[in-house]
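Visitor: Could you take me through one part of this model up close? I'd like to see how its strands are put together, and then where that part sits in the whole.

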Amino acid sequence: MRSCTLFSLCLTSLVGLATASAANTAAAPITTDWPAFRGPVSSGASPSAQIPAQPKIAWSAKLPGRGLSSPIIMGEKVFVTAAEGPEQERLRVLCFRVKDGAPLWERQLLATGRTMTHDKTSVAASTPCSDGKRIFALWSSNDLAAFDFEGNLLWLRGLTADYSNASNSLGMASSPVTVGATVVVQIENDSESYALGIDASTGKNLWKLERPKFANWSSPVPLPARPGFPAAVLLQSKEGVCAVDAATGKTLWQLAGNASTMSSSVALKDVVYLPASGMTALGVPALGVSEPQTLWNARQINPSTTSPLLLDSRLFTVNNAGILTMAETAAGDIKWKLRLTGPFSGSPVGAGDRIVLVNEKALLQVVNTAAPEGEVLGQLQLPLDAKTKELALCTPALSGGRIFVRTDSTLWCVAK
Amino acid sequence: MKVPQLLSVLLGMAVAPVFAGPLEDAVQTLTHVGREGAGNEAASRAWTQVVAAGPKGLVLLLAHSGSGSNVADNWVRLAGNAIVAQALEAKQPLPLDAVEAFLTNTAHPEAARLLAFDLLQQADAGRAEKLERTFGNDPVQKLRRGAVAFLLTAAESKSGDEAKKAYQEALAVARDEDQTKTVSEALKKLGVAVDIPKHFGFLTQWQVIGPFDNTKGAGFQTAFPPETEVALDKSYPGKSGPVKWQPTASKDEYGKLNLNEPLTPLKEATAYAVTTFESGEAREAELRLGCKNAWKVWLNGELLFARDEYHRGQRMDQYRLKGRLRKGSNTILVKCCQNEQTESWTVEWEFQLRVCDGTGTALLSSVSKR
């Protein structure tokens, strides 16, 4: 028994270590890790999760502060961020054991940047990310911290100390992503906007790009690796979308337009599905070609403020009214629409033929996408604290047979 | 004076010689991180070393907290946080007497005392809570909050004159907006008026001039005449004709100066407001601003900060600008720009500004000249 446990732990660790590069390579090994906002390749999909049709609460863990950030899962550990205090100035990173929710460690720091946000959001809005060896946690105050999986501090950045006017009085929410050895952050707002490529091992800038001065809550998305192409990341804004070499910050291609500043893209192989005028599919250009080709545009597919989910050749979006739309990626044709119980702030995630969505009232809904018009397979109401008007605003995370959801007060693990 | 001797003096206790040497060097390394990640690699190695040294490094960490940047303070804070967590898990003794002695010495920097309190709370929440009740007059605004909360709880259980006295005691030490509001509302119900503008030190008497142009936001970067001279008797070309200074007073309880009133509701417009603050002494001060329009603030001709964000939100003390008051007259100039948006939530063209010390205690102008 013990040997088996040790073996599985070692195996899980090895899988975890492989995940960083896995996130950015075409031949990604199957992993149970969920290392960033919307999963291993920022598409909302897990290559290995098994979503239970009738989920039940496996365990829950109280959190010391609010947050919209999603949990991430690396091996046997789940990490989540929070913010608390009268001005949300106390920033926390917490680590729990996946199998039973036992608290493993917690670290606290004080915000060095501005902490003002709209009441509905939080300073802990950005989902942390991992490169398989470290976790990188970003808050709305522009504090960025790197820890190893044991909670040892590796490096810190106070980006407002570095660039004093970069903040949004409504709150920032873009989540960081790792691409190769680079942590990419988008710090975009009305006053001072930039994107940084940060050395994952030292926390120092590899590059800094000036970005459009406009509030932007969308997150950078890694482009799937292609032979002969540098590892790249997509940055979108009100002024369009560009692909940037993650190691150098060099712009590889760009397209002017009006991309969403809330909903983030998904990319599969050589196509980018961009929330712009509904959804727009872009063919990733050959190396040296400066502009992508628009493959199709579908105005009727509207991801609203959430981000789309890409499952194989199917694109799923959910709008504010709770309508889940399934479209084929080939031409953007809508195949079915399914009314769910909304409203949603979190984005859909999925694996195989199943999708999980959690509405703001913490009603978890499992959808069978193989049904001709889609169907709700099961629901689970997570309990909320009515006295505090608690909400569930995060995007769920998937790992193995488990679904992780964070509400204002609690981290929930849901399973069969 | 080296830190070990300094600590001995401050704490009135013998400090182990282990503080000198590599451990102190490591702690100092944490405080030397600079901008854009400078010093991160060395700090990372030092952090591991400091945490491995365990509880004996705690007071040394406190002694160095506040000596570097606020990012450096987080390196120190996270080391202390990890040391306490590990010691609690290993059931190791912690030097809580020394931490408490450090905390209660108000001569230490704010960051260091906040860290001391948080470490004490992490290690022994009951002990921290007991101490927190004594912080009503503490120079650190964040430490006061807990003490005010205790006073408010106590006042709630009283009635009549006893309640008045209890709430007035809470008001005397309250510095946060929410707590002050709670106190003032309770006192109002008891028939006691509270002068909120005076409590917070809001500046309410201004001279205002405008509109100047701000088409496509260009006015924010344009230096209109008030940025080079403040001559209250002069007139200048404005956006739609000559403009001149006019006296304007805020009647808002929280000092909001509504520029739509003297200048009428406008779009793509720039206004300036100026006032004189009479200080009885030369001293450091904070100008705390709340504003949802683009703004610049000058103190005696020195630009303190500028920010061109529009209609994302406003709150009291949204921006804390540090400046030095001179003895006598100080000129405070505010530039406030309105943009082109026409939604109902973009009508506001206003700001609120107060002068206070680092605790949030109002500094009051001895004379209002404008």
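Guide: Sure, let's start with a pair of strands in chain B: E1 (residues 205–213) and E6 (residues 269–279) run antiparallel to each other, with 5 bridges between them. To find your place on that pairing, look for Ile209(B), whose bridge partner in E6(B) is Tyr272(B). Keep in mind that this is a predicted model. Now stay on E6(B), since it also pairs with strand E11 (residues 328–338) of chain B, again antiparallel, through 11 bridges. Here a handy marker is Ala269(B), which has Gln338(B) as its bridge partner in E11(B).

Stepping back, chain B is split into domain 1 (3–132), domain 2 (141–194) and domain 3 (200–356). Between domain 2 and domain 3 of chain B, the C-alpha centres are 32 Å apart.

Then there's the neighbour, chain A. The contact between the chains draws on 31 residues of chain A and 28 residues of chain B. On the chain A side, strand E5 (103–110), strand E9 (153–158) and helix H2 (159–162) each put in at least two residues, and E9(A) gives the most, with 6 residues. Sorted by class, that side of chain A has 12 nonpolar, 14 polar and 5 charged residues.

As for confidence, chain A has a mean pLDDT of 92, and 93% of its residues reach 70 or more. The stretch to treat separately is residues 1–29 of chain A, where the pLDDT is below 50; that stretch still has 44 contacts in the model beyond near neighbours in sequence.

Note on methods:
Residues are numbered from 1 along each chain as its sequence is written. Chains are lettered from A and ligands numbered from 1 in the order in which they are written. This is a predicted model: local features need pLDDT of at least 70, side-chain atom pairs count only at pLDDT 80 or more; totals for chains, interfaces and linings use all residues. pLDDT is the predictor's confidence in each residue, from 0 to 100. Two residues are in contact if their C-beta atoms, placed from the backbone, lie within 7 Å. Helices (H or I, at least four residues) and strands (E, at least two) are DSSP runs, numbered from the N terminus. Ala, Val, Leu, Ile, Met, Phe, Trp, Tyr, Cys and Pro count as nonpolar, Asp, Glu, Lys and Arg as charged, and the others, Gly among them, as polar. Domain bounds come from an automatic or database domain assignment. Two strands pair if DSSP finds at least two bridges between them.
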